[in-house]
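Visitor: I am new to this structure. Please take me on a close look at a single part of it, and show me how that part sits in the whole.

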Amino acid sequence: MKVILTGSTGFIGREVLDQCLKNPSVTTIVALSRRAIPYPDPKLRVVILDNFLEYPDSIVREFDGAEACIWCLGKARVPDNDIARKICLEYTMAAAKKMSDVGATASSGQKQKFRFVYLSGGAVERDQTKPLWFMQDYRRIRGEVENQLLAHAEAPGDAFEVCIMRPGLVLAKERNLVDIVKGLGPNVRVDKLAGAVITRALDGSRSPIVENSEIVC
């Protein structure tokens, strides 16, 4: 399978990239990045994208034949709401809308459903009116991303499938002292999360939302 990947220089995205390169079911990785990625692997094609709101024809052609996107672009917290909305919501939906138009075509000539695996978070809140005690605006913005992705998947045309991953605190592969604090709440090792993300990209998901309890099982 040909897979599009974003956020491949980040903590989680880097692990996803490493596992994709080792997975024989992933034949090609198109990594959208603002800077070069030093991975000399024939499976990897790094495509420099300066603006994640615009996809010129030269970029769209790189999507040809892709069947899934793993969206790891983002940050655990962005204090500026305008920047958070741009990175989390606008970037994500611009990509989702573009990629759903250029999904892979089966041998029959029919367009296959494009699978979009979105890395969200366990504390994200989709209910925009619910009172929240901490990080209210940011959690609602992330929840609005989920709402819009699910709505886009339900739009006429049946060409887009979304899987939203909602991990708890993401821990490093190796145990360390920080785990004592982080491990008190719902959590998952980054390698376990990456494997679960890739599995959904390859095989799909029984549910459009995958909670931390399902990721770690």
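**A strand and its surroundings**

Guide: Start with the contacts (heavy atoms within 4.5 Å). Among those between residues at least 6 apart in sequence, 63% join residues at least 24 apart. This is a predicted model, in which local features need pLDDT of at least 70 and side-chain atom pairs count only at pLDDT 80 or more, while totals for chains, interfaces and linings use all residues. Residues are numbered from 1 along each chain as its sequence is written, and side-chain values use heavy atoms, without hydrogens or water.

Now the frame. The protein has 7 helices and 9 strands (DSSP runs of H or I, at least four residues, and of E, at least two, numbered from the N terminus). The radius of gyration is 17 Å, close to the 17 Å that the globule rule gives for 217 residues, so the protein is as compact as a globular protein of that length. That radius is taken over C-alpha atoms, and the rule is 2.2 Å times the number of residues to the power 0.38. The C-alpha trace spans about 50 × 40 × 35 Å along its principal axes. About 11,100 Å² of the protein is exposed, with 51% of it supplied by carbon and sulfur atoms (Shrake-Rupley method, 1.4 Å probe; for residues, only the protein chains shown count as cover). Of the 217 residues, 46% count as buried (under 20% relative accessible area; exposed is over 50%, partly exposed in between; 1.4 Å probe, protein chains only).

The part to look at is strand β5. It covers residues 114-119. In β5, 6 of 6 residues are buried. F114, F116 and Y118 point one way. R115, V117 and L119 point the other way. At the start of the strand's numbering, F114 belongs to β5. Its relative accessible area is 1%, so F114 is buried. C69 lies 45 residues away from F114 along the chain, yet their C-alpha atoms are separated by 8.1 Å.

β5 has partners. With β4 it runs parallel, joined by 4 bridges (strands pair if DSSP finds at least two bridges between them). Here W71 stands opposite Y118. With β6, β5 also runs parallel, this time over 6 bridges. Y118 has I164 as its bridge partner in β6.

Follow β4 onward. This strand, residues 68-71, pairs with β1 in the parallel sense over 4 bridges. W71 is the β4 bridge partner of T6. Strand β1 takes in residues 2-6, and 5 of these 5 are buried. K2, I4 and T6 point one way, V3 and L5 the other. β1 pairs with β2 (residues 28-33) as well, in the parallel sense, over 5 bridges. L5 has A31 as its bridge partner in β2. Between β1 and β2 the chain passes through helix α1 (residues 11-22), and this β-α-β crossover is right-handed. That label means that, with the strands pointing away from the viewer, the path from the first strand over the helix to the second runs clockwise.

Next, the packing. The largest nonpolar core has 35 residues, and I4, L32, Y55, W71, M99, F116 and L149 touch the most other members. At least two core residues each come from β2, α2, β4, α3, β5, α4 and β6. Helix α3 gives the largest share, 9 residues. Apart from this core lies another, of 31 residues, including A31, I70, A196 and I215. A core here is a set of buried Ala, Val, Leu, Ile, Met, Phe, Trp, Tyr and Cys residues joined through side-chain atoms within 4.5 Å.

L149 shows how β5 meets its surroundings. Beyond four places in sequence, L149 contacts F116 and Y118, and also T92, M93, A96, F160 and V162. M93 is in helix α3 and is buried at 4% relative accessible area. Outside its sequence neighbours within four places, M93 contacts V145, Q148, L149 and H152. Its C-alpha atom is 12 Å from that of V162, 69 residues away along the chain.

For contrast, take S25, in the loop between α1 and β2. S25 is partly exposed, with a relative accessible area of 40%. Not counting residues up to four places away, S25 touches M1 and L202. The C-alpha atoms of S25 and G195, 170 residues apart along the chain, are separated by 13 Å.
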